[in-house]
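Me: I am new to this structure and would like a close look at one part of it. Could you begin with the charged side chains that pair with one another, and then follow the path from there into the surroundings?

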Amino acid sequence: ALHLFTTFGFHATPTSQISKAAHVSTGTLFHYFPDKQTLIDELYLSIKKEMSSVVGNEDNPALPTRTLLERGFIRYIDWGIANPEKARFLTQFHHSPNISDAVQNRAYQEFRWMTDLYSRAIREGIFSNHPVHYHMVMIAQILNGVLELLTLHDGDMSDEEIIAAGIEKIFK
């Protein structure tokens with residue numbers, strides 16, 4: 001389903017195509033997911049949980065806020081490089097009406113730690129005095145731009161330069 005949704009989109013992917021790609025009957029698919037909406041919601045939530053556990057996996061929360069942020073950004077980039085289809089799916093469907101509000105709220109709960117860290121960065125003057133949601137949206141755009149540039153391999157910049165410049169852009 002992940003590959004089909006990122007390739008063809010939600011509406012252009014019939015459940016018969018999903019069950020065929022999964023090598024299961026459509027009835028079996030509907031046994032686990034009563035409808036395509038539930039399937040996409042569960043797929044989205046599972047990827048968000050996975051990504052959150054990787055990005056938020058910091059051993060030492062006593063480190064300086066900027067260090068925690070930078071390490072999290074690097075972990076996100078590493079995760080996105082290792083999981084390009086999952087990263088593309090999250091980018092495609094994050095603001096999609098195909099993801100229910102209830103699932104968006106559940107996914108948001110997975111990132112409470114990030115909200116707290118961004119609030120801390122605002123209090124410490126590391127980030128500008130804008131709402132946390134502003135920073136979450138803007139930083140996600142920059143990090144996804146870094147991932148896009150890393151996949152282009154156009155040769156103008158090394159991967160390390162792209163990553164460093166992207167992270168520097170976040171803190172300006």
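**Charged pairs and their surroundings**

Reply: At 23% relative accessibility, Arg120 counts as partly exposed, a class that lies between buried (under 20% relative accessible area) and exposed (over 50%), with a 1.4 Å probe and protein chains only. Before going further, note that this is a predicted model, in which local features need pLDDT of at least 70 and side-chain atom pairs count only at pLDDT 80 or more, while totals for chains, interfaces and linings use all residues. Residues are numbered from 1 along each chain as its sequence is written, and side-chain values use heavy atoms, with hydrogens and water left out.

The side chain of Arg120 meets that of Glu124 in a salt bridge, with 3.5 Å from N to O; the term stands for a side-chain nitrogen of Lys or Arg within 4 Å of a carboxyl oxygen of Asp or Glu. Glu124, at 45% relative accessibility, is partly exposed as well. Side chains of opposite charge can pair when their charged atoms come close. A search of the whole structure finds six such salt bridges, and two others deserve a description here.

One of them joins Arg106 and Glu42, whose side chains meet at 3.9 Å from N to O. Because Arg106 lies in helix α7 (residues 101-110) and Glu42 in helix α4 (residues 36-55), this pair ties together parts that are 64 residues apart in sequence. Helices here are DSSP runs (H or I, at least four residues), numbered from the N terminus, as are strands (E, at least two). Both partners are partly exposed, Arg106 with a relative accessible area of 42% and Glu42 at 32%.

Another salt bridge links Arg88 to Glu85, the closest N and O atoms being 3.9 Å apart. These two residues stand three places apart in helix α6, so about one helical turn separates them. Arg88 is partly exposed at 41% relative accessibility, and Glu85 is partly exposed with a relative accessible area of 22%.

Lys86 also belongs to helix α6, which covers residues 84-93, and it is partly exposed at 23%. Leaving aside neighbours within four places in sequence, Lys86 is in contact (heavy atoms within 4.5 Å) with Leu2, Ile47, Glu50 and Trp79. By way of contrast in space, the C-alpha atoms of Lys86 and Pro61 are separated by 27 Å, although these residues are 25 apart along the chain.

Some of those partners of Lys86 lead to the place where two helices meet, since Ile47, Glu50, Met51, Val54 and Val55 in α4 touch Gly72, Arg75, Tyr76 and Trp79 in α5. The residues of this contact divide into six nonpolar, one polar and two charged, where Ala, Val, Leu, Ile, Met, Phe, Trp, Tyr, Cys and Pro count as nonpolar, Asp, Glu, Lys and Arg as charged, and the others, Gly among them, as polar. The axes of α4 and α5 (residues 65-82) come within 8 Å and cross at roughly 135°. The two helices are therefore oblique to each other, because angles under 35 degrees count as roughly parallel, over 145 as roughly antiparallel, 65 to 115 as roughly perpendicular, and the rest as oblique.

Beyond α6, Asn98 sits in the loop between α6 and α7, where it is buried, with a relative accessible area of 13%. Not counting residues up to four places away in sequence, Asn98 touches Phe10, His11, Gln37, Ile40, Asp41 and Phe93. Asn98 and Tyr76, 22 residues apart in sequence, have C-alpha atoms 24 Å apart in space. Gln104, in helix α7, is likewise buried, at 18% relative accessibility, and its partners, with the neighbours up to four places away again left out, are Tyr44, Phe93, His94 and Ile99.

To set this part in its whole, the protein has 10 helices and zero strands. Of its 172 residues, 40% count as buried. The C-alpha atoms fill a box of roughly 55 × 40 × 30 Å, taken along the principal axes. Finally, among contacts in the protein with a separation of 6 or more, 63% are between residues 24 or more positions apart.

Notes:
Axes are lines fitted to C-alpha atoms, for helices over the stretch in contact, and angles run from 0 to 180 degrees between N-to-C directions.
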